Amino acid sequence: AMLEWAAKGGERAVQILPIGVARARLSKSAHDVLDLVEESSLRGNPFELRGRIATSAQFFNRERLVSGLLAAAQAGHWMVVTGLRRFGKSSLALEIVRRLPGPAAYVDIAGFDHEIAHGAGPALAADSILRFVCLRLHESACARWPGAEMPEPPTEGSSVDAAALTKWLRDLSRGARRASGHSAPLLVVLDELEQALAVGADKLAQALDVLAIVIGRLKSAVGDAAMADGGAPIGVFLTSAIHPLLWAPLRPLAQQSIMGSFQRVCVPCLGADAATTMMRSLGGRQGVRFTDEALARIVEESQGVPLLLRRLGASILELYDAERARQGSLGAVEIGVEGTSEAIAREAREGSPLRVWIETEIAARSTVTGA
């Protein structure tokens, strides 16, 4: 639609795009609006993946899950969000960050692989991660309340032990309260925890110690920072793909595992109604209609995993015309259970996504870890 408009030269042109009110309410920036326009006007295979969801306009039908996690963050709870890779854990955490009415720090642990694998010791790597947490919280607070007085984050090379972290978080929460006029919640998201363990067998012990130190210091600091004298609630989300070592007992955590030391664990997936709505909506953009029986089979086979839903949808369309399906020009098609069953059988013959991910992302099926 935008290309057609540009091709008209100097002529004035208007195109009406039907956009749901519920989707429009989530638009908070020009990028969100542009996403809606592109989604509503440009054709393409609706089941193709575009990676991590970066705007609210693209986030789909998880209101109950988002509201529950948002309430947990505002109450200062610790949450573990886990599941196989590409379940949508990072997209979920980023959506909570966008909706939180207070400063938030989103930290991708994968960015610290050098410090974890080649640092002088686990304590120094933990210092680097926690300094970055403080930096992101500081940037978020300054962006939310420009001109407000906030404590400076720890300087490069400084130690961020539990005492220093406690004092800094307490000062930040007080600054946020002064700027907002109320006790604004804070949130720390540590994403891709399992990436810290992809450092080789000789570095695994150090990587686990780094994670244990970071979590131990945060636990100590957050418990003291959210005090009755004005400290705001500070929530912490840990997001990680399934990895056996995250359930290993660790000495720095008093022989508890990283995952086992928390009461709340969330595995993000779509319920049957949401998964059905998602497939109807995606198919409707291209004129594709699924029969009720076909939809039920897709939802059952995908187990509520958004990536599997999309993969099965793309596989089904490619049965008709692979090239046109990739280009988004397949046209109006009704998908019955026969086509759905054939696509599912083909995925199974070639190695179903769920089984392949477990074996490649965790370990080979024949090993103890894989079992």
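1. **Aromatic pair.** Rings of Phe, Tyr and Trp (its six-membered ring) count as a pair if their centres lie within 6.5 Å. By that rule, a search of the whole structure turns up one aromatic pair. The partners are F112 and F132. Their ring centres are 5.7 Å apart, and the planes meet at 65 degrees. Planes over 60 degrees apart count as edge-to-face, and this pair is edge-to-face. Please keep in mind that this is a predicted model.

2. **Where the two rings sit.** The pair links distant parts of the chain. F112 lies in the loop between β2 and α6 (113-118). F132 belongs to helix α7 (residues 122-144). The two are 20 residues apart. Are they buried or exposed? F112 is buried, with a relative accessible area of 9%. F132 is partly exposed, at 29%. The cut-off for buried is under 20% relative accessible area, so F112 at 9% falls below the limit.

3. **The whole chain.** The protein has 14 helices and seven strands. It has 371 residues, and 48% of them count as buried. Take the contacts between residues at least 6 apart in sequence: 75% of these join residues at least 24 apart.

4. **Strand β4.** This strand covers residues 234-241. How many of its residues are buried? Eight of the eight are, so β4 is largely enclosed by the rest of the structure. In a regular strand the side chains alternate between the two faces of the sheet. In β4, I234, V236, L238 and S240 point one way. G235, F237, T239 and A241 point the other way. Residues on both sides are buried.

5. **T239 in β4.** T239 has its place in strand β4. Its relative accessibility is 0%, so T239 counts as buried. What does T239 touch, leaving out residues up to four places away in sequence? The list is V81, K89, A93, V189, L190, D191, E192, L193 and E194. Of these, V189, L190 and D191 are also named among the buried residues of β3.

6. **Neighbours of β4.** Strand β1 (residues 78-83) runs parallel to β4, and six bridges join them. W78 stands opposite V236 in β4. Strand β3 also runs parallel to β4, with five bridges between them. L186 has I234 as its bridge partner in β4. L187 stands opposite G235 in β4.

7. **Strand β3.** Here six of the six residues are buried, so β3 is largely enclosed by the rest of the structure. Both of its faces are covered. L186, V188 and L190 lie on one side, and L187, V189 and D191 on the other. Each of these residues is buried, D191 included.

8. **Strand β2.** This strand holds residues 104-108 and is mostly covered. Four of its five residues are buried. Which way does β2 run relative to β3 (residues 186-191), parallel or antiparallel? The two run parallel, joined by five bridges. Y106 stands opposite V189 in β3. D108 stands opposite D191 in β3. β3 thus has bridges to β2 and also to β4.

9. **Helices α7 and α8.** Two packed helices are described by the angle between their axes and the distance between the axes. For α7 and helix α8 (residues 162-180), the angle is about 5 degrees and the axes are 11 Å apart. Angles under 35 degrees count as roughly parallel, and that makes α7 roughly parallel to α8. On the α7 side, the contact is made by L130, C134, L137, H138 and A141. On the α8 side, it is made by L165, W168, L169 and L172. The contact residues comprise eight nonpolar, one polar and no charged. Helix α7 is also the helix that carries F132 of the aromatic pair.

10. **T166 in α8.** T166 has its place in helix α8. Its relative accessibility is 7%, so T166 counts as buried. How far is its C-alpha atom from that of V222? The two C-alpha atoms are separated by 6.7 Å. Along the chain, T166 and V222 are 56 residues apart.

How values were computed
Residues are numbered from 1 along each chain as its sequence is written. This is a predicted model: local features need pLDDT of at least 70, side-chain atom pairs count only at pLDDT 80 or more; totals for chains, interfaces and linings use all residues. Side-chain values use heavy atoms; hydrogens and water are left out. Buried means under 20% relative accessible area, exposed over 50%, partly exposed in between (1.4 Å probe, protein chains only). Two strands pair if DSSP finds at least two bridges between them. Rings of Phe, Tyr and Trp (its six-membered ring) pair if their centres lie within 6.5 Å; planes under 30 degrees apart count as stacked, over 60 as edge-to-face and the rest as tilted. Axes are lines fitted to C-alpha atoms, for helices over the stretch in contact, and angles run from 0 to 180 degrees between N-to-C directions. Angles under 35 degrees count as roughly parallel, over 145 as roughly antiparallel, 65 to 115 as roughly perpendicular and the rest as oblique. Contact means heavy atoms within 4.5 Å. Ala, Val, Leu, Ile, Met, Phe, Trp, Tyr, Cys and Pro count as nonpolar, Asp, Glu, Lys and Arg as charged, and the others, Gly among them, as polar.
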